[in-house]
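Biologist: Please take a close look at a single proline and its loop, and then continue to the strands, rings and enclosed spaces of the same model. Kindly state the cut-off behind each term as it arises.

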Amino acid sequence: MDYTSKGFDETNQQTDLGAVIRNGREILFQGFNWESCKHDWWRNLERKVPDISKSGFTSVWLPPATHSFAPEGYLPQNLYSLNSSYGSEHLLKALLHKMKQHKVRAMADIVINHRVGTTQGHGGKYNRYDGIPLSWDEHAVTSCTGGLGNGSTGDNFHGVPNIDHTQHFVRKDIIAWLRWLRNTVGFQDFRFDFARGYSAKYVKEYIEGARPIFSVGEYWDSCNYNSHGLDYNQDSHRQRIINWIDGTGQLSAAFDFTTKGILQEAVKGQFWRLRDAQGKPPGVMGWWPSRAVTFLDNHDTGSTQFINMGPAGMNFHPYPDWIFTGAVWLDSSGPIPDLIPYNPNLCLILSFSVYAHWPFPSNHIMEGYAYILMHPGIPSVFYDHFYDWGDSIHNQIVKLMDVRRQQDIHSRSSIKILEAQSNLYSAIIGDKVCMKIGDGSWCPAGKEWTLATSGHKYAVWHK
C-alpha cells in the first residue's frame, strides 16, 4: 500500500495553497545533518528514497541546493547555480525525479535573509553582487549590515550582508527565483531559514508568488529561562511563533521550538511540564496544531555541527537558546574579515568548539517520537535518528508512523491529557489512541484497548 499518496493531488494543491494544511496528514523528514555536505549527499538520498516513501513520509526537507560561500549552504551567493557541496545539478535533478516517482515531495531550504557579496562596494564592504545572476548593488543590502538599503525589518544575521526585502526589485527577483525552484527545478515545498530576519509579510508575498504546496518557517528565538533553568510557562515564546505565522497570512507553518524546548526537559523526569495551566499541550501544538511542525532535533540542535567561539571577523550564526549566556557563537566557515568590520564588543580571547549545542537527550529519543508522532501537529523526523542510530530506532519510528496513519491521527486531532506527573505522561488522542511515556506504571482502563506498539519508556494503545 502506498501510504504517501493519501490525499496527494498536486494539480489541486497548486491552485489551493491551504490544501495540505487543511488535510493535516503530513509527516516530514529532514533529509540531512550538518556534515552531509561531505558525503556525496544527493546520491546517498537517492538510494534511500524507496525506504523514505515506504515509511510514509510526505515531504523531505533537503539542504540548501544552491551555490554557497560555506559548504553547508547557509551563506548563499549565486542563487541560480545548483552545483553545491551536496552534489551537482545533474545529481540533484535525478534525486528530485526519483522522489516524484515515489510520490514524496521535495522541500527546498530557502535562505534569503542574507547573501554573501562578490565585490566591494559602499564602505569597502562586500555588498555588491556583480558577475552573477541577481546582480544587485548596495541598495539590496540593509543599512544596518553595510548596505545602502533601508533598515532591517527583523533581526540581523551578523557577519554577512542582510537582504533588504523592502526593495521592490529585490522581492521581484526573489519571487522569480522561487518560481524557478518550484516550476523548473522541481521543488514543491519551502522551508524559510532564519525567518526572524525579515518581516513575515514578505514570506506571505513569496508564498503567494511562487505557490509552494507546503511551507514552514524557522522562527527560532530563546525560550524563557530563570536562574534554575527553563520556565514552566512558555506562553510568550509560543505566542511569538504564532504571531509570525499570523504575519504570513496563515499560509506557512512554523517549527515548534517551544515544544522541543519543553519536551527535552520533560523527559528528564519533569513530565508535569507537558500540561499547561489550561490543561493543554504547552507548545505551539497546544494553541495552533495545524501550523505547528513538531521535531526533536535538526542540523543545528542535535547534529555534528562544529561551532567556534572566537575573535570577531568570523562567520557569526546566532543560536537563540544560548543568548542568555552572553556568548557570541561562530560556526566553522572560517574567517571572512572583509565582510565584518572590527568590533571590540564582539572580540573574545577564548576559543573552543562544541557539538550538538541544544540536543534532545539521546537516551529518551523514542519517548520523544512517541510524543510527537502520537499527538496533533505536523511531526518531523531527523535523518540522524532514522538512519544513523540503528535499525531498532528506525523500525520503532516506522511503527509509530504506521499507527499514526492507521488510526488517522492528524494535525487537528483532539487530545485529552490524563496524567502529567514527574515520571509519567499519558493522553488520549482522538477517540481511538492513547499513549504513555516515562517510567511510571500506567495503562488505559477498559478491555477495548489493545497494545499497538511499545518500547523503552513508551507505549501506545488503540481501540
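Modeller: Pro 444 is found in the loop between β17 (433–437) and β18 (450–455); helices (H or I, at least four residues) and strands (E, at least two) are DSSP runs, numbered from the N terminus. The model is predicted, with residues numbered from 1 along each chain as its sequence is written; local features need pLDDT of at least 70 and side-chain atom pairs 80 or more, whereas totals for chains, interfaces and linings use all residues. Side-chain values rest on heavy atoms, without hydrogens and water.

Pro 444 counts as buried because its relative accessibility is 12%; buried means under 20% relative accessible area, exposed over 50% and partly exposed in between, with a 1.4 Å probe and protein chains only. From C-alpha to C-alpha, Pro 444 lies 7.4 Å from Cys 434, although the two are 10 residues apart in sequence.

Burial also marks strand β14 (residues 378–382), where five of the five residues are buried. Ile 378, Ser 380 and Phe 382 point one way from β14, and Pro 379 and Val 381 point the other way. Strand β1 (residues 28–30) runs parallel to β14 and is joined to it by three bridges; two strands pair if DSSP finds at least two bridges between them. Within this pairing, Phe 29 stands opposite Val 381. Strand β9 (residues 292–294) also pairs with β14 in the parallel sense, over two bridges, and Thr 294 has Pro 379 as its bridge partner.

Strand β5 is covered on both faces, with Phe 214 and Val 216 buried on one side and Ser 215 and Gly 217 buried on the other. Four bridges connect β5 to strand β4 (residues 189–192), and the two run parallel; Phe 192 is the bridge partner of Gly 217.

The loop between β5 (214–217) and β6 (225–226) holds Trp 220, and this leads to the aromatic rings. The whole structure contains 24 aromatic pairs, that is, rings of Phe, Tyr and Trp (its six-membered ring) with centres within 6.5 Å; planes under 30 degrees apart count as stacked, over 60 as edge-to-face and the rest as tilted. Trp 220 and Phe 257 are stacked because their ring centres are 4.9 Å apart and their planes lie at 5°. Phe 257 belongs to helix α8 (residues 257–266), and the pair links distant parts of the chain, 37 residues apart. Trp 220 is buried at 3% relative accessibility, and Phe 257 is buried with a relative accessible area of 1%. Both belong to one aromatic cluster, whose members include Phe 32, Trp 61, Phe 295 and Trp 358.

Lys 260 lies over the face of Trp 358, at 5.0 Å from the ring centre; a charge sits over a ring if NZ of Lys or CZ of Arg is within 6 Å of the ring centre and within 35 degrees of the ring normal. The charged end of Arg 115 sits over the ring of Trp 136, 4.8 Å from its centre.

Finally, the enclosed spaces: the whole structure has six cavities of 30 Å³ or more, each a set of points on a 1 Å grid over the protein atoms alone where a 1.4 Å probe fits but cannot get out, lined by residues with an atom within 4 Å of a point. The second largest cavity encloses about 80 Å³, its volume being the space filled by probe spheres set on the points. Its lining comprises 13 residues, with Pro 64, Ala 65, Thr 66, Asp 109 and Trp 177 nearest its centre. At least two lining residues come from each of β3 (105–110) and α5 (168–185).

Note on methods
On a 1 Å grid over the protein atoms alone, a cavity is a set of points where a 1.4 Å probe fits but cannot get out, and a pocket is an open set with protein on both sides within 12 Å along at least five of seven lines; lining residues have an atom within 4 Å of a point.
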